[in-house]
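User: Hi! Could you walk me through this model? I'd like to start with the backbone and then move on to the ligand.
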Amino acid sequence: MSQQPYPSLPELLAPAGTFEKLVTAIHYGADAVYLGGTRFSLRARAGNFDQAGIIRAVDYAHGRGVKVYVTVNIFAHNRDLETLPAYLRELEAAGVDGLIIADPGVLSIARQEVPSLSLHLSTQANVTNGASAAFWAEQGVSRLNLARELGRREIAEIRECTGVELEVFVHGALCISYSGRCMLSNYMTGRDANKGDCAHPCRYSYRLVEEKRPGQYFPVEEDERGTYIFNSTDLCLLPRLPQLIAAGVDSIKIEGRMKSMGYVGSAVRLYRAALDWIEQQLSSGADLEEVELPQVFRKEMKKIGTRGHSQNFFDAPPSSEDMLYDTMRQAQGYAPVGIVRATEPLIIETRNVLELGDRIEYLGAEIEPLQMEVTGMIHPDGSKAQRVNPGNRVELVTEPPLGAPQLDAIVRIYRGDPE
Ligand code: SF4
């Protein structure tokens, strides 16, 4: 068999906080999804899957050629260990493709109990160098989810040190501390970042109080709008995919099991389209280092709910440019408004208020979304609607009409340019 003349594309790994988000991620082209069980997983509020839910998720994903990795990434206490072996065997029986683990004790039990399962080291283990990568490889992990605090050269150097798969976060929220190693949320809200339940108090607006002057709040300001001291923008390495491929990354991961279905779908769609576009360029003979994504990708990237974008440590450590100092979040111009539930006629399940005359976009496989105006909405009883609320099913009539809608696709509404 002749060898492909260019590097393999990495796997596109998407978050599946719920079954609906899993369906959406797969619809938009994820090669693999990661999800949490109701036990032994971080992201306590992510709508985690019980055993029946995991079996259903695996069946659905495998039926479409998609892999399922399950997070078992708590830092376990002795009391957790008693039920762990049985749980791991349940996951193996469900047919999952890999476990995401952070705790060395959990890793060693998994090696004994489910030796056939691939073991992936969580980013919580903070692998930042080649020696650490080699160490974990010796412990039997088949994949390392590298720390977010690495630059492209360091990723390439780690690639030289180990043959195990490398997975890198490319999109989503950033933590101002080393991936959740922070007690701010525990202290201020009782929600434990180390159990995946961070309330993000690093993004709040702060004032200074002197202990003998309670109630007197001294401003801590960059300017008159105040200061959000630790308020990082979000990670986005979309424009750097060619360099990540060149560095030998095996899997690119989108953060966000807590994020909305609309966010997951929009982000997966964008990265799928980008990977496919890059592959097309390479198969036409382009040099990987020369490949640059067209401007339309940048335009679409801005439409995804975001707090601004950072490439984090990719070229150099982040600076003040990578922080949001004047606001907690940025206004969003677009919002998901519905999911396609039937195609002939076009029926959507609304997730937002929708009115006649609204400008909407259908997110298909092409990078440019189809833009339309809502010209009619019909309830199941045949009555016409001027306005529908979230949670309705309506037949949608648009101008121009939507040619070939697909089940589970997202319809997005334009609410004005935030910039
Ligand atoms: S409060 Fe901020 S820095 Fe601390 S764990 Fe949460 S996201 Fe990370």
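Analyst: Happy to! One definition first: helices and strands here are DSSP runs, at least four residues for a helix and at least two for a strand, numbered from the N terminus. Keep in mind that this is a predicted model.

User: Great. Where is P345 found?
Analyst: P345 sits in the loop between β13 (334-342) and β14 (347-350). The peptide bond leading into it from E344 is cis, with omega near 0°.

User: And which peptide bond has omega near -5°?
Analyst: That is the bond from E399 to P400, which is also cis. P400 lies in the loop between β19 (393-399) and β20 (410-414).

User: Why point these out?
Analyst: Because most peptide bonds are trans.

User: Fair enough. What is phi for H200?
Analyst: Near 55°, a positive value in a residue other than glycine. H200 belongs to the loop between α8 (184-189) and β8 (207-208).

User: And what about N312, buried or exposed?
Analyst: N312 is buried, with a relative accessible area of 12%, and the cut-off for buried is under 20%. N312 has a positive phi of about 55° too, although it is not a glycine. Its place is the loop between β12 (309-310) and β13. H200, at 33% relative accessibility, counts as partly exposed.

User: Switching to the ligand: how many residues surround it?
Analyst: There are 10, and the closest are C175, I176, C182, C198 and C202.

User: How does that shell divide into nonpolar, polar and charged?
Analyst: It has 7 nonpolar residues, 3 polar ones and no charged ones.

Definitions and conventions: Residues are numbered from 1 along each chain as its sequence is written. This is a predicted model: local features need pLDDT of at least 70, side-chain atom pairs count only at pLDDT 80 or more; totals for chains, interfaces and linings use all residues. Side-chain values use heavy atoms; hydrogens and water are left out. A residue is near a molecule or strand if one of its heavy atoms lies within 4 Å of it. Ala, Val, Leu, Ile, Met, Phe, Trp, Tyr, Cys and Pro count as nonpolar, Asp, Glu, Lys and Arg as charged, and the others, Gly among them, as polar. Buried means under 20% relative accessible area, exposed over 50%, partly exposed in between (1.4 Å probe, protein chains only).
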